[in-house]
Amino acid sequence: MALNRSLKLAIATGSIAVLAGCGAMDAEDTGDSPVASATQTSAAAETTGYQNDASRNVQVLMQADALKQPAQSVIHFEFDQAIVPRESLNALRAHAEYMQKKELREVRLAGHADERGTREYNMALGEARAKAVRDFLVAYGVNQDLLVTVSYGEEKPVVTGSGEQSWAQNRRVEVLYR
């Protein structure tokens with residue numbers, strides 16, 4: 001979405017610059033309407049150099065957007081599950097694309113569980129969740145050597161308290177870039 005807005009802004013800015021640099025193109029010059037055709041605008045842009053600037057701006061914006069770290073870095077899980085939830089798939093795809101384009105040293109996948117269950121069970125469940133996220137990212141082309149899984153079990157809750165609202169926030173995998 002941000003890429004589309006940035007791309008549209010760059011194209012619009014480039015188009016305005018191209019039209020402004022072309023000089024006055026009126027209906028008598030073109031034989032058509034007062035608006036220059038795409039071919040005329042393109043030809044005029046080549047002689048003025050504005051198209052190259054606009055193209056360069058678009059490329060820079062696209063590269064900058066492609067290198068932005070995805071906003072959603074926490075994947076929440078259902079009770080007693082280590083299956084990547086359907087609603088998190090797009091976020092994980094964005095992480096996979098980011099990891100492939102950016103030179104990274106390590107990405108830590110930290111698995112967590114809520115307070116229910118034994119300490120040993122929750123450690124295993126946190127590890128299973130982290131590995132599920134890792135397997136998804138690897139399936140989307142991320143180098144497995146980049147990914148490190150760790151489990152904190154129930155040891156690092158983000159929300160304290162008992163009840164489903166608290167527990168739901170604590171059942172998670174955090175994607176941590178280094």
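## Serine 166 and asparagine 170 in helix H7

Leaving aside residues up to four places away in sequence, serine 166 touches Val159, Thr160 and Gly161. The model in which these contacts appear is a predicted one, and serine 166 is found there in helix H7. With a relative accessible area of 12%, under the 20% limit, serine 166 is classed as buried. Its C-alpha atom and that of aspartate 114 are separated by 8.2 Å, although serine 166 and aspartate 114 are 52 residues apart along the chain.

Asparagine 170 also lies in helix H7, which covers residues 164-170, and the side chain of asparagine 170 reaches the backbone oxygen of serine 166 at 3.2 Å. Asparagine 170 is buried, having a relative accessible area of 4%. When residues up to four places away in sequence are not counted, asparagine 170 touches His112, Ala113 and Asp114, and it likewise touches Pro157, Val158 and Val159. Val159 is thus named among the contacts of asparagine 170 and among those of serine 166.

## Salt bridges

Side chains of opposite charge can pair when their charged atoms come close. In this model the count comes to 10 salt bridges. One of them is formed by glutamate 106 and arginine 178, whose closest N and O atoms are 3.5 Å apart. Glutamate 106 lies in the loop between helix H5 (89-101) and strand S2 (107-112), while arginine 178 lies in the segment after strand S4 (172-177), so this pair ties together parts that are 72 residues apart in sequence. Glutamate 106 itself counts as partly exposed, at 21% relative accessibility.

A salt bridge within a helix is formed by lysine 131 and glutamate 127, with 3.8 Å between the closest N and O atoms. Both lysine 131 and glutamate 127 lie in helix H6 (residues 119-139), where they are four residues apart, about one turn of the helix. Lysine 131 is partly exposed at 35% relative accessibility, and glutamate 127 is partly exposed at 22%. In another salt bridge, the side chains of arginine 134 and aspartate 135 meet at 3.1 Å, N to O. Arginine 134 is buried, with a relative accessible area of 17%, whereas aspartate 135 counts as partly exposed at 44%. Elsewhere, salt bridges that share partners join Asp114, Arg116, Glu164 and Arg171 into one network.

## The buried face of helix H5

Helix H5 has 13 residues and reaches 19 Å from its first C-alpha to its last, which is close to the 18 Å expected at 1.5 Å a residue. The buried residues in H5 are Ala91, Leu92, His95, Ala96, Tyr98 and Met99. Seen down the axis of H5, these buried residues fall within an arc of 165°, so they line one face of the helix.

## Confidence in the model

The mean pLDDT of the protein chain is 75, and 62% of its residues reach 70 or more. Over residues 1-64, however, the pLDDT is below 50, and this stretch has 38 contacts in the model beyond near neighbours in sequence. Where pLDDT is low, the predicted coordinates should not be read in detail.

Terms used: Residues are numbered from 1 along each chain as its sequence is written. This is a predicted model: local features need pLDDT of at least 70, side-chain atom pairs count only at pLDDT 80 or more; totals for chains, interfaces and linings use all residues. Side-chain values use heavy atoms; hydrogens and water are left out. A salt bridge is a side-chain nitrogen of Lys or Arg within 4 Å of a carboxyl oxygen of Asp or Glu. Helices (H or I, at least four residues) and strands (E, at least two) are DSSP runs, numbered from the N terminus. Buried means under 20% relative accessible area, exposed over 50%, partly exposed in between (1.4 Å probe, protein chains only). The expected span of a helix is 1.5 Å times one less than its number of residues. The arc is that of the directions from the helix axis to the C-beta atoms. pLDDT is the predictor's confidence in each residue, from 0 to 100. Contact means heavy atoms within 4.5 Å. A polar contact is a pair of N or O atoms within 3.5 Å; within protein, one must be able to donate a hydrogen and the other to accept it, and residues adjacent in sequence count only if both atoms are side-chain atoms.
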